[in-house]
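Student: I have just opened this entry and would like to go through it slowly. Could you walk me through it once it is on screen?

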Amino acid sequence: MDTRTATSRRAPLPSLTAEPADLLVVGGGITGAGIARDAAMRGLRTVLVEQGDLASGTSSISSRLVHGGLRYLEQGNLRLVFEASHERRVLLSIAPHLVRPLPFVFPVHKGDRVPLWKLAAGMWIYDLLAMFRNVRRHRLLGKRGLLRLEPMLRERGLVGGALYYDAQCDDARLTVATARSAVHHGARVATYTCVESLALADGRVQGAHLRDVLGGETGTVRARVVVNATGPWTDGLRRMEDPHAAAILRPTKGVHVVVRRDRVGNRHAVTITSPMDGRVMFVLPWGDLAYIGTTDTDWEGRPEDVRATHEDIVYLLRSANAYFPHARLTEEDVLATWAGLRPLVADPGAAEASDVSREHVILRGSHGMITIAGGKLTTYRAMAAEVVDRVVSDLHAVDGRPVPAPAPTDREPLPGGETAEIEPLRQAGMDLGLAAATVDHVLRLFGTEAAAVYNLARGDQSWRRPIHPAHPAVVAEIVHCVRRELAETVADVLTRRLHLSYETADHAVAVSEKVATVMARELRWGPDRVAREVAAYRAAWERGQVP
Ligand code: FAD
């Protein structure tokens, strides 16, 4: 299938309820999107419903690392490191525009919790578990070598460190690309469609009662198998199946702060151990920005209420300042924060939140619903395959159909990830008269689908203009997001598709009306909807919440 020309829009409610599906996936984060893709590729009639935008839960507020899991080495979990390293290699190949190699510097100071000898041993094991097929092998460095790479690091007490490799990914766009691939294989994906309760027949969960969050309509989707992939909302859905179901999650809150990179001065990703509690955390580059994170504290409230507190911000800034003393970061430097919940599986043996297992579990509920809980972005593809193995065996048991072969999710590129010469695409953008920064931006976000963005820009001169005076994205990108990437609201475009929300000093509030007006033409919104969209976007930022 040619993913370069395929269009994706959200499936309307009647298209979900008209005929029964084989599989209903609840939750459009990376886990649900991965399951829908795998199932659709195996030929299952698949429906995915998501109550908000794709990746509007945890899957857009991660640390954006596709990582081998260096810290799991400390926990002795070699299997997890091996699996994660394999998955990193797969994602680098199927979505090279969204998952990119990232060099990390790991400095060690005198008295650090991780001494140099331990780091050196860890680095060898890390590369070994990647079967020496990581982007490059690590290099151990002395103090001078380290300072050449990261001149702004604290020199006092520095004894050396390492340069090693992991990968950075655009988490929200990876989720969208995965869901779109599911659509290309025949899945119906309905965003802004909430499961309000489950539909039981013959004592089994066989569908769900849905509400269209944008239009208000309701309907029932029937499905032979239902999978709960709702991340931090997992226990809520399990209790729709069985009000007495025990909680299986122990969610922990993770916060990042975003600052201008030139305020920190980091050239690479830098792995640090917080001087407050010895936890491993990161100062990560994102274009001209740096994001610092993350915290890891228990959370008992509702997932939708999670916020960064003053203490979280102070903790992150103090940790970064300890490594970059010239930065003297204060709260004034914070451009944005994002806070989310790790949907971790409860482990009563773990004393501290950071000790809780990142591995996943797959459970069957009292009325047959399959729940997948835990895991991480890096390993979503492998988790999805495991879940769909269960689904196909359930379907075989229900109606005797043959069990399909595993799906080649590790070989088929995600939309935009097809192997192609990037230089001609770059030249095509320049020939259109787009600024070099815009061409870079388009290639980074859309990969080979840049050609589709250029086609839009070619057709309408006004679509070649920047959306925001201080950002390279152009208007054609908004249209592309609506026509092909299931964007339904201003926040879908500005936050999760194009990232202007936190890559501009005013959170792109000033251009929210312009974006809404472009979307209105595509989605046939009236003036009321435009006004509601702009008000909702502004109000979220006024509450200090990423919309
Ligand atoms: P989610 O993304 O939360 O998706 C669940 C979805 O279900 C939500 O979108 C929600 O709206 C929807 N939903 C809930 N209830 C309903 C309903 N009734 N009807 C319809 N839809 C519903 N992993 C890594 O590999 N690398 C990292 O660098 C990394 N960093 C992290 C940093 C932080 C701070 C956090 C919190 C996590 C991090 N993780 C990382 C872990 C990773 O982000 C998560 O494991 C992953 O995103 C979880 O995806 P998910 O699809 O299971 O959950």
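Student: Which polar backbone atom is 2.7 Å from a nitrogen atom of the ligand?

Tutor: That backbone atom belongs to Leu 65, and the pair is a polar contact, meaning N or O atoms within 3.5 Å, where pairs within protein also need one atom able to donate a hydrogen and the other to accept it, and residues adjacent in sequence count only if both atoms are side-chain atoms. Before we go on, this is a predicted model, in which local features need pLDDT of at least 70, side-chain atom pairs count only at pLDDT 80 or more, and totals for chains, interfaces and linings use all residues. Residues are numbered from 1 along each chain as its sequence is written, and side-chain values use heavy atoms, with hydrogens and water left out.

Student: And what do the side chains of Ser 59 and Thr 378 do at the ligand?

Tutor: Ser 59 places a polar side-chain atom 2.6 Å from an oxygen atom of the ligand, while an N or O atom in the side chain of Thr 378 is 2.7 Å from a ligand oxygen.

Student: How much of the ligand's accessible area does the protein cover?

Tutor: On its own the ligand has 1000 Å² of accessible area, and the protein covers 95% of that; such areas come from the Shrake-Rupley method with a 1.4 Å probe, and for residues only the protein chains shown count as cover.

Student: Which elements give two or more residues to the shell around the ligand?

Tutor: They are α2 (30–41), β8 (193–201), β11 (252–260) and β16 (336–342), where helices (H or I, at least four residues) and strands (E, at least two) are DSSP runs numbered from the N terminus.

Student: Which residues come nearest to the ligand, and how does the shell divide into nonpolar, polar and charged?

Tutor: There are 38 residues around the ligand, and Glu 50, Thr 58, Ser 59, Leu 65 and Thr 378 come nearest; a residue is near if one of its heavy atoms lies within 4 Å. The shell divides into 13 nonpolar, 21 polar and 4 charged residues.

Student: Why does the ligand lie between two domains?

Tutor: Domain 1 (12–58 + 173–247 + 357–399) and domain 2 (99–167 + 250–342) both give residues to its shell, so the ligand lies between them. The bounds come from an automatic or database domain assignment.

Student: Changing topic, how many disulfides does the structure hold?

Tutor: The structure holds 0 disulfides, a disulfide being a pair of cysteine sulfur atoms within 2.5 Å. For Cys 481, the nearest cysteine sulfur is that of Cys 169, which is 17 Å away.

Student: Is Cys 481 buried or exposed?

Tutor: Cys 481 counts as buried because its relative accessibility is 0%; buried means under 20% relative accessible area, exposed over 50%, and partly exposed in between, with a 1.4 Å probe and protein chains only. Cys 194, at 13%, counts as buried too.

Student: Which peptide bond is cis?

Tutor: The bond from Gly 293 to Thr 294 is cis, with omega near 15°, and Thr 294 lies in the loop between β14 (289–293) and β15 (297–298).

Student: What about the phi values of Arg 328 and Leu 486?

Tutor: Arg 328 has a positive phi near 45° without being a glycine; this residue sits in the loop between α10 (310–323) and β16, and it counts as exposed because its relative accessibility is 64%. Leu 486, also not a glycine, has a positive phi of about 60° and lies in the loop between α15 (475–484) and α16 (490–497), where it counts as buried at 0% relative accessibility.

Student: Last one: where is Thr 309, and how many residues separate Thr 309 and Val 255 in sequence?

Tutor: Thr 309 is in the loop between β15 and α10 and, at 29% relative accessibility, counts as partly exposed. Thr 309 and Val 255 are 54 residues apart in sequence, and their C-alpha atoms are 8.8 Å apart in space.

Methods:
Ala, Val, Leu, Ile, Met, Phe, Trp, Tyr, Cys and Pro count as nonpolar, Asp, Glu, Lys and Arg as charged, and the others, Gly among them, as polar.
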